[in-house]
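Colleague: I am new to reading models like this one, and I would love a close look at how one part of it is put together. Could you walk me through it slowly?

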Amino acid sequence: MIKRVSVVIPAFNEADNLLVIIDRLETVFSSTAYEVEFILVDDGSRDKTLDILKTMARAKANLFYIEFSRNFGHQLALKAGLDKANGDCVISLDADLQHPPELILEMLSKWEEGYDVVYTRRTEDKTLPYKKRKTSAIFYKTLNILSSIEIEAGTADFRLMDKRVIDVFKEFHENEPFIRGLVKWMGYRQFAIDYIPSHRYAGASKYNFTKMVRLALQGVTSFSIRPLYTAVYLGFVFSCISVLYVPYVLFAFYEGIQVEGWASIIMTIVFFGGLQLIILGIIGIYVGKMFMQTKNRPNYIIASTNLPH
Ligand code: UDP
Ligand code: MG
């Protein structure tokens with residue numbers, strides 16, 4: 001029996017990349033015996049992405065598009081594609097050709113060997129801008145220190161998942177899904193492939209520093225409450241220190257020593273004021289997540305699609 005492979009691609013303002021990536025993917029699959037379906041999610045693009053997808057869908061019976069009602073973000077666009085995929089395995093990759101489609105052959109052969117998840121690790125790309133490399137490194141470092149699941153550096157959303165993993169994944173209704181964390185957390189037999197990323201074919205990256213920080217915070221807070229414990233430990237440490245300080249203050253008071261204190265008092269107030277705000281903010285993030293989850297709104301809204309199911 002011929003196995004079906006679904007390829008899911010989130011696209012936000014990727015008009016200049018779509019024809020190229022589908023062409024590259026078709027070349028890759030033409031050397032295999034799989035039946036392939038493409039699911040492209042237009043994440044509220046403001047360029048010609050949707051028009052191109054519709055035109056392509058008219059010409060190709062195995063190409064499907066999902067139009068979002070607005071921009072919901074990369075993770076939700078990906079989730080929509082995975083939710084709708086019904087292949088025996090599903091491969092997800094970015095539209096900008098940074099994830100080399102040719103690697104898919106290797107991923108498929110690992111899947112045939114019996115792995116349920118074949119994920120990829122981006123090896124250090126020396127040509128990538130220094131800032132992007134550093135932010136990415138910091139991203140994974142903080143994530144791993146602060147959360148209880150370990151995500152290897154350089155794992156993006158370029159991976160293959162078996163149908164049985166996808167079926168479980170479809171049951172997840174988290175408000176802000178952090179997919180690479182969820183997949184790691186789910187377990188099953190996972191295999192990693194290293195690759196050197198290519199350059200973006202056209203357009204610019206949609207992840208800026210603020211979006212990266214947000215994704216990191218989202219990643220940490222949806223997988224552990226370790227930041228809350230850190231706050232407790234911090235508070236404990238400072239309480240201990242202050243207890244040690246009390247005898248000194250009393251001593252100075254009884255001896256009538258006049259201590260000059262303006263600078264130190266201001267510094268202490270500012271420091272602890274900041275610390276308290278950070279900790280309040282951390283608690284706030286968790287409360288906010290609970291608030292968003294209790295509303296139980298749908299993850300995304302599909303405006304139109306040519307998917308039959
Ligand atoms: N993307 C999306 N919605 C967004 C931002 C990005 O669907 O709001 C898609 C984008 O079209 C691309 C993938 O997510 O296919 C990765 O985005 P990008 O290349 O900008 O991220 P980077 O590679 O710089 O981390
Ligand atoms: Mg990219």
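Which domains does the domain assignment of the protein give? Please start there, and then look closely at strand 5.

Modeller: Happy to help! This is a predicted model, in which local features need pLDDT of at least 70 and side-chain atom pairs count only at pLDDT 80 or more, while totals for chains, interfaces and linings use all residues. Residues are numbered from 1 along each chain as its sequence is written, and chains are lettered from A and ligands numbered from 1 in the order in which they are written.

The assignment gives domain 1 (4-134 + 148-206) and domain 2 (226-294); such bounds come from an automatic or database domain assignment. The C-alpha centres of domain 1 and domain 2 are 45 Å apart. As for confidence, the protein has an average pLDDT of 86, and 96% of the residues score at least 70; pLDDT is the predictor's confidence in each residue, from 0 to 100. The model also scores ipTM 0.93 and pTM 0.78.

Now to your strand. Helices (H or I, at least four residues) and strands (E, at least two) are DSSP runs, numbered from the N terminus, and two strands pair if DSSP finds at least two bridges between them. Strand 5 covers residues 117-122 and pairs with strand 6 (residues 159-162) in the antiparallel sense, over three bridges. There, tyrosine 119 stands opposite arginine 159 of strand 6. Strand 5 is also joined to strand 7 (residues 190-195), this time by six bridges and in parallel. Threonine 120 has isoleucine 193 in strand 7 as its bridge partner. A handy rule to remember here: in a regular strand the side chains alternate between the two faces of the sheet.

For contrast, let us visit some helical stretches. An unreviewed UniProt entry lists residues 228-250 and 262-287 as "transmembrane region"; its positions are given in the numbering used here, feature names are shortened, and annotations may be inferred rather than shown by experiment. Residues 228-250 are 100% helix and 0% strand, with end C-alpha atoms 33 Å apart. Residues 262-287 are likewise 100% helix and 0% strand, and their end C-alpha atoms lie 37 Å apart.

Finally, a detail in a loop. Asparagine 296 lies between helix 10 (262-295) and strand 8 (302-305), and has a positive phi of about 55° although it is not a glycine. Most residues other than glycine have a negative phi. Asparagine 296 counts as exposed because it has 8 C-beta neighbours inside 10 Å; a residue is buried with 20 or more other C-beta atoms within 10 Å of its own, exposed with 12 or fewer, and partly exposed in between, with C-beta atoms placed from the backbone.
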